[in-house]
Amino acid sequence: MRIGFIGGGNMATALLGGLLAQGMPAEAMRVVEPSAPQREALQQRFGIAAFERADRAALDGVDLVLLAVKPQHMREAIAALPPLSGEVLVVSIAAGIRARDLSRWLGGHQRVVRAMPNTPAIVGKGITGLAALPGAGRADRAMAEQVLGAVGPTVWVDDESLLDAVTAVSGSGPAYVFLFIEALEQGALALGLDAAQARALALHTVAGAAQLALQSGEPPATLRERVTSKGGTTAAALAVMEAGELRRLVADALAAAQRRSVELGDEFGQS
């Protein structure tokens with residue numbers, strides 16, 4: 001498989017590093033990145049070919065074009081592409097831009113997969129939601145999964161509209177976790193711990209709990225019940241959270257994020 005990256009930002013950098021770590025040769029990948037300093041950094045770090053423009057020389061012979069530009073720059077980036085062979089798979093990791101709009105902007109190209117990774121991909125701990133147009137076959141899906149799987153697990157949805165829910169849960173989700181870490185840290189400071197202690201306790205508690213949940217395979221409710229003794233300190237804290245309707249607040253937040261994802265898709269797709 002030969003891949004042409006359009007855009008060399010953080011997510012593209014994470015994918016390049018992940019693919020190289022999995023054994024993909026540097027010569028199988030090339031990047032189009034307008035910024036000269038970023039091109040040079042990518043060349044030095046990964047030993048890959050980097051180009052200023054998405055011309056024929058940059059994309060000659062690629063099997064997969066990965067669109068890794070900001071959503072507001074996607075139309076311009078696609079307009080700059082040379083005509084793509086019907087054999088080329090196009091994968092977009094831009095939030096909010098629907099596959100059918102990408103296909104339309106690409107002149108009706110049908111081999112399109114839309115992906116929604118999240119920022120932990122930068123450290124190889126991401127998760128990506130994927131959806132494909134009907135024109136993308138089993139081999140295309142396997143290629144897309146191989147690429148995005150270089151930075152973490154993947155989840156396919158049959159209906160692309162569900163990527164709005166994926167965006168609400170995992171795409172935006174790291175920010176929710178960071179907010180909880182902030183709150184945990186601030187609460188620790190209020191209880192008299194110093195800044196270093198509060199930061200270490202908050203970070204490692206969240207990271208350790210998530211790792212325990214991943215490795216145990218048990219439902220979060222079971223794990224929660226196991227550390228909650230009747231009448232104990234954990235029960236006292238959870239009672240406050242339940243009284244504040246934490247579950248409803250999270251559900252409302254996810255619904256708001258999903259609605260905004262739909263709105264962005266409508267806005268980007270107008271042109």
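Exposed means a relative accessible area over 50%, buried means under 20%, and partly exposed is what lies in between. Keep that handy, since the exercises below lean on it. One more thing before we start: the model is a predicted one.

**Exercise 1. Decide whether Arg100 is buried or exposed, then find its surroundings.**

Step 1: Locate the residue. Arg100 sits in helix α5, which covers residues 99-105.

Step 2: Check the number. The relative accessible area of Arg100 is 51%, so Arg100 is exposed.

Step 3: Look for partners. Setting aside neighbours within four places in sequence, Arg100 is in contact with Leu133 and Glu160.

Step 4: Try a distance. Arg100 and Arg114 are 14 residues apart in sequence, and their C-alpha atoms are 9.5 Å apart in space.

**Exercise 2. Work out which class Ser92 belongs to, and what its side chain reaches.**

Step 1: Find Ser92 in the fold. Ser92 is part of strand β5.

Step 2: Apply the cut-off. With a relative accessible area of 0%, Ser92 is buried, because buried means under 20%.

Step 3: Follow the side chain. The side chain of Ser92 comes to 3.2 Å from the backbone nitrogen of Ala94.

Step 4: List the contacts. Not counting residues up to four places away in sequence, Ser92 touches Leu67, Met74, Leu102, Val113, Arg114 and Ala115. Arg114 should ring a bell: you met it in the distance to Arg100.

**Exercise 3. Do the same for Asn118, a loop residue.**

Step 1: Place Asn118. The loop that holds Asn118 runs between β6 (112-116) and β7 (128-132).

Step 2: Classify Asn118. Its relative accessible area is 7%, so Asn118 is buried.

Step 3: Look for a polar partner. A polar atom of the Asn118 side chain lies 3.1 Å from the backbone oxygen of Ser170.

Step 4: Add the other contacts. Leaving out residues up to four places away in sequence, Asn118 touches Met11, Gly126, Ile127, Ser170, Gly171 and Pro174.

**Exercise 4. Show how the buried residues of α2 are arranged around the helix.**

Step 1: Pick out the buried ones. In α2, Arg39, Leu42 and Phe46 are buried.

Step 2: Use the arc. These residues cover an arc of only 65° around the axis, so they lie on the same side of α2.

Step 3: Recall the helix geometry. An α-helix has 3.6 residues a turn, so residues three or four places apart point the same way.

Step 4: Turn to the other side. There, Pro37, Gln44 and Arg45 are exposed.

Step 5: Find the cover. The buried residues of α2 are covered by elements including α1, β2 and β3 (49-51).

Step 6: See what follows the helix. After α2 comes Gly47, with a positive phi near 70°.

**Exercise 5. Describe the largest nonpolar core and say which element gives the most to it.**

Step 1: Start with the members. The largest nonpolar core has 33 residues, and Ile3, Phe5, Leu66 and Val91 touch the most other members.

Step 2: Go through the elements. Those that give two or more residues to this core are β1 (3-6), α1 (10-21), β2 (29-32), α2 (36-46), β4 (64-67), β5 (89-92), β6 and α6 (138-148).

Step 3: Name the top contributor. That is α1, which gives six residues.

Step 4: Set the other core beside it. Apart from the largest core lies another of 23 residues, including Ala54, Ala77, Val88 and Trp105.

Step 5: Put this in context. In soluble globular proteins, nonpolar side chains tend to be buried together.

**Exercise 6. Map the largest pocket: its volume, its lining and its centre.**

Step 1: Take the volume. The largest pocket holds about 2600 Å³ of space.

Step 2: Turn to the lining. There are 49 lining residues, and the closest to the centre are Val177, Phe180, Val206, Ala209 and Ala210.

Step 3: Sort by element. At least two lining residues come from each of α7 (163-171), α8 (173-190), α9 (195-216), α10 (220-226), α11 (233-243) and α12 (246-268).

Step 4: Find the main supplier. With eleven residues, α8 gives the most to the lining.

**Exercise 7. Say what stands out about the phi of Glu245.**

Step 1: Place Glu245. Glu245 is in the loop between α11 and α12.

Step 2: Read the angle. The phi of Glu245 is positive, near 55°, and the residue is not a glycine.

Step 3: Compare with the usual case. Most residues other than glycine have a negative phi.

Step 4: Classify Glu245. A relative accessible area of 42% makes Glu245 partly exposed.

Notes:
Residues numbered from 1 in each chain as written. Predicted model: local features only at pLDDT ≥ 70, side-chain atom pairs only at ≥ 80, totals over all residues. Heavy atoms only, no water. Helix = DSSP H or I, 4+ residues; strand = E, 2+ residues; numbered from the N terminus. Buried < 20%, exposed > 50% of the residue type's maximum accessible area, 1.4 Å probe, protein only. Polar contact = N/O pair within 3.5 Å; in protein donor to acceptor, adjacent residues only side chain to side chain. Contact = heavy atoms within 4.5 Å. Core = buried A, V, L, I, M, F, W, Y, C linked by side-chain atoms within 4.5 Å. Arc of directions from axis to C-beta. 1 Å grid on protein atoms, 1.4 Å probe; cavity = no way out; pocket = protein on both sides within 12 Å on 5 of 7 lines; lining within 4 Å. Points joined across faces, edges and corners; volume = space filled by probe spheres on them.
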